[in-house]
Amino acid sequence: MPSISDHKRRARQRIHKGFGEPCTYTAPGGAVFPSAEQSAAGDVLTVRFATKLRTFQPETDAMTLLEGVESVVFNQDQLDALGLAPEHGGRIVCPGYELTLDLDQEMDPDGPLNRYWTVTRA
């Protein structure tokens, strides 16, 4: 019988497969992923784009502000297959989302499969 971890992993893979958009990643040094050779071999890179609002409280308790946070979610299995370790300043181009995004900060993972990065629009 599969463990709950196995069920979670398969669910996360299905979510990413269903909602991920193909993209290219350009490292700060100029390397592009997937490369032409990787694409020809069938390797792909997909991300999920997310926007959420979180509350932000300045030093005083007089008011609360809403702050928009944009992020992308990578699939670790795809990163491993491409030999890709995303880094600050890397650029993602997502034709499906019509977005060009620069990686800002890596966020804490929620497990072994998803890698989260905050992004800024380029």
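**Notebook: a surface patch, strands and two cysteines**

I looked first at the surface, where Phe56, Met63 and Leu65 form a nonpolar patch with about 280 Å² of accessible area together. A patch is made of residues with over 30% relative accessible area and no salt bridge, with nonpolar side chains (Val, Leu, Ile, Met, Phe, Trp, Tyr) joined within 5 Å and like charges within 9 Å. A salt bridge is a side-chain nitrogen of Lys or Arg within 4 Å of a carboxyl oxygen of Asp or Glu. Accessible areas come from the Shrake-Rupley method with a 1.4 Å probe, and for residues only the protein chains shown count as cover.

I noted that this is a predicted model, in which local features need pLDDT of at least 70, side-chain atom pairs count only at pLDDT 80 or more, and totals for chains, interfaces and linings use all residues. Residues are numbered from 1 along each chain as its sequence is written, and side-chain values use heavy atoms, leaving out hydrogens and water.

I then located Met63 in the loop between β4 (46–56) and β5 (65–75). Strands (E, at least two residues) are DSSP runs, numbered from the N terminus. Met63 counts as partly exposed because its relative accessibility is 49%; buried means under 20%, exposed over 50%, and partly exposed in between (1.4 Å probe, protein chains only).

Next I followed the strand pairing, which requires that DSSP finds at least two bridges between two strands. β4 and β5 run antiparallel and are joined by ten bridges. In this pairing, Thr51 stands opposite Glu70 in β5. Strand β1 (residues 21–22) also pairs with β4, in the antiparallel sense over two bridges, and Pro22 stands opposite Thr46 in β4.

I looked up Ser71 in strand β5 and found this residue buried, at 10% relative accessible area. Not counting residues up to four places away in sequence, Ser71 touches Arg48, Phe49, Ala50, Met107, Trp117, Thr118 and Val119; contact means heavy atoms within 4.5 Å.

From there I turned to Thr118, found in strand β8 (residues 114–121) and buried at 15% relative accessible area. With the neighbours up to four places away in sequence left out, the contacts of Thr118 include Val69, Glu70, Asp102 and Met107.

Finally I searched the whole structure for disulfides and found zero; a disulfide is a pair of cysteine sulfur atoms within 2.5 Å. The sulfur of Cys23 has its closest cysteine sulfur in Cys94, at 4.5 Å, so the two are too far apart for a bond. I recorded Cys23 as buried, at 6% relative accessible area, and Cys94 as buried, at 1%.

Methods
Helices (H or I, at least four residues) and strands (E, at least two) are DSSP runs, numbered from the N terminus.
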